[in-house]
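Biologist: I'd like a close look at one part of this model. Please take me through one annotated position and what lies around it.

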Amino acid sequence: MPEDRAFDDTGRPAWLEPVRRRIAGWLESSAGADWVVAVSGGGDSVCLLRVLHRLAPELNLRLSVAHLDHGVRGEQARDDARFVEDLAGSLGLPFDLGNWRPTRAGHFEVDARTARYAWLREIAKARGASFVAVGHTRDDQAETIIHRILRGSGPRGLAGIPPRRALGPAVALVRPLLDVTRREIRDELVRLNQTCREDPTNDDVSHTRARIRHELLPRLAAEYNPQIVAALGRLGTLAAAEREALDSLIRPIESAAVRSIDPDRIVLDRRALVAHSPFVIAEIVRRAWLAVGWPEMAMTAGRWQRIAERIKEGRPSVIHIGEGVALRVDADVILLERDREPAPLDSISPVALEAPGAVDVAWAGGRLTAEIVNNASSYDETIDFDRVVFPLIVRPPAPGDLFAPLGMSGRRVPLRNLLRACRVPPSHRRAVPLLCDQSGILWVVPHRIADRVKTTERTTRRLGLRWEQKA
Ligand SMILES: Nc1ncnc2c1ncn2[C@@H]1O[C@H](COP(=O)(O)OP(=O)(O)OP(=O)(O)O)[C@@H](O)[C@H]1O
């Protein structure tokens with residue numbers, strides 16, 4: 001039994017009242033009280049259903065239950081679905097069952113999650129529900145935050161899983177149990193004498209997520225801080241609150257600075273920006289960028305920072321900043337424009353970089369720097385120097401090029417798919433510079449580095465990579 005909070009004097013678990021208050025708060029800002037409860041059959045979502053069912057009369061909730069059969073593990077999946085259907089029936093609640101089957105290998109988790117949320121959105125629409133509830137817990141929150149830290153997240157990622165977000169035009173996705181620990185949930189299930197179905201893949205320690213759950217967090221709790229899960233939960237809440245506060249402070253500066261936002265260009269007033277820190281300027285440019293819908297994939301923290309510095313300097317200049325966007329600084333007018341000119345295609349031939357340094361790549365219209373990092377200079381990317389063999393070659397794409405991008409566990413994909421995903425216009429694809437060593441492509445400039453050269457905790461020397469597009 002958790003030592004810090006157990007049961008109140010009516011025998012209800014002490015966490016139930018904060019959960020009830022949180023739900024009541026959500027109901028105040030919503031017209032409807034119809035809820036779809038997403039139940040996998042696992043302990044967390046089964047407990048969520050029992051809690052919502054218990055609170056339904058006093059909060060006037062109308063519940064239905066939804067389960068998506070992912071088809072994994074055959075009979076097991078059918079048993080999960082039957083279990084959830086029976087549970088819904090025993091509580092007298094309507095039940096929706098969906099079926100989904102993977103269409104490509106190797107992406108099960110991501111595809112299943114996307115399919116699940118899309119299906120839940122449809123079910124909510126069909127049932128006229130304003131809320132879809134899922135069973136994430138405080139432990140899920142802690143695992144997510146740790147996972148993001150390990151992957152090099154910025155402060156935005158520390159906000160972790162939000163308790164509420166939009167799932168569709170009039171539907172909110174909510175997580176009522178986000179402040180309840182998995183242990184408290186297990187205790188409640190025992191108290192209710194409620195069975196559940198467990199997913200064995202949650203315990204498969206070949207998945208990073210399961211290793212964080214079963215190895216890293218228990219070790220941190222045993223050796224460093226017994227309250228680590230609560231501490232990370234608090235960090236998530238504080239980071240989200242800070243984010244919100246920052247957004248509201250930035251909004252007035254943003255309204256003064258943004259003159260217009262069109263599909264191909266953003267116009268900003270430099271005078272409204274220049275007194276602010278590069279961080280604030282970068283944030284405003286970034287928000288405008290996202291409002292236009294330009295892709296963010298190639299936009300590293302270093303790039304946002306460089307844009308902010310150019311704006312602050314105010315020197316008339318044009319730079320190409322990635323994703324086919326040019327930044328023009330001209331007196332007090334800042335223009336970000338999607339570049340539609342095709343790259344020059346004649347005399348495209350490889351250029352060598354014999355040792356760390358810089359090289360002009362005329363056919364791509366820019367200069368590539370690859371140097372050992374020994375101070376805080378800004379780079380687009382840093383990679384592990386000891387995993388790279390000089391001389392490096394900068395060459396254009398060749399038919400059949402394969403590439404294993406960062407974050408895809410070494411899986412190789414056709415380069416043309418990556419260029420398409422990075423929204424490189426077809427007219428530019430023949431002249432995208434590829435930085436290579438003898439083992440293949442290590443940087444698709446300026447979009448993605450290869451997984452094999454990423455820096456890790458074992459990295460001792462870093463190679464900083466920078467691409468400067470000339471006007
Ligand atoms: N097959 C399913 N049918 C209905 N709801 C589900 C199903 N699988 C998961 N859920 C809902 O989603 C919640 C989170 O599940 P889980 O942690 O397995 O998902 P995840 O892939 O980690 O998702 P997320 O990215 O949202 O964390 C569950 O508590 C449950 O409410």
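Biologist: Does S45 count as buried or exposed?

Modeller: S45 counts as buried, because it has 23 C-beta neighbours inside 10 Å. The cut-offs are these: 20 or more other C-beta atoms within 10 Å of a residue's own means buried, 12 or fewer means exposed, and in between is partly exposed, with C-beta atoms placed from the backbone. Two notes on reading the model come next. Residues are numbered from 1 along each chain as its sequence is written. The model is predicted, so local features need pLDDT of at least 70 and side-chain atom pairs count only at pLDDT 80 or more, while totals for chains, interfaces and linings use all residues.

S45 sits in helix 2. Helices (H or I, at least four residues) and strands (E, at least two) are DSSP runs, numbered from the N terminus. Leaving out residues up to four places away in sequence, S45 touches A38, V39, S40, V134 and G135. Contact here means that the C-beta atoms, placed from the backbone, lie within 7 Å.

Now the record. An unreviewed UniProt entry carries a "binding site" annotation over S40, G41, G42, G43, D44 and S45. Such annotations may be inferred rather than shown by experiment; positions follow the numbering used here, and feature names are shortened. G41 lies in the loop between strand 1 and helix 2. G41 is buried too, because 22 other C-beta atoms lie within 10 Å. With residues up to four places away in sequence left out, the contacts of G41 are V46, D80, F83, V84, C196 and R197.

Next, the ligand. Its shell holds 15 residues, and the closest are A38, S40, S45, V134 and G135. A residue is near the ligand if its C-beta atom, placed from the backbone, lies within 6 Å of it. Helix 2, strand 2 and helix 4 each give the shell at least two residues. Strand 2 gives the largest share, 3 residues. By class, the shell has 5 nonpolar, 6 polar and 4 charged residues. Ala, Val, Leu, Ile, Met, Phe, Trp, Tyr, Cys and Pro count as nonpolar, Asp, Glu, Lys and Arg as charged, and the others, Gly among them, as polar.

Behind this lies a sheet. It is open, with 6 strands in the order 3-2-1-4-6-5 and mixed pairing. Two strands pair if DSSP finds at least two bridges between them. Strand 3 (95–99) and strand 5 (164–168) are at the edges, each with a single partner strand, so one side of each has no neighbour in the sheet. From one strand to the next, the twist averages 30°. Angles run from 0 to 180 degrees between N-to-C directions, and axes are lines fitted to C-alpha atoms, for helices over the stretch in contact.

Strand 1 is mostly covered, with 4 of its 5 residues buried. Strand 1 pairs with strand 2 in the parallel sense over 5 bridges. V36 stands opposite S64 in strand 2. At the edge, strand 5 runs antiparallel to strand 6 (residues 171–174), joined by 4 bridges. There, R165 faces L173 in strand 6.

Back to the helix that holds S45. Helix 2 (residues 43–59) lies across strand 1 (34–38), strand 2 (62–69) and strand 4 (131–133), at about 160° to strand 1. Helix 4 (residues 108–127) packs on the sheet as well, touching strand 1, strand 2, strand 3, strand 4, strand 5 and strand 6. The direction of helix 4 makes about 75° with that of strand 5.

Notes:
Two residues are in contact if their C-beta atoms, placed from the backbone, lie within 7 Å.
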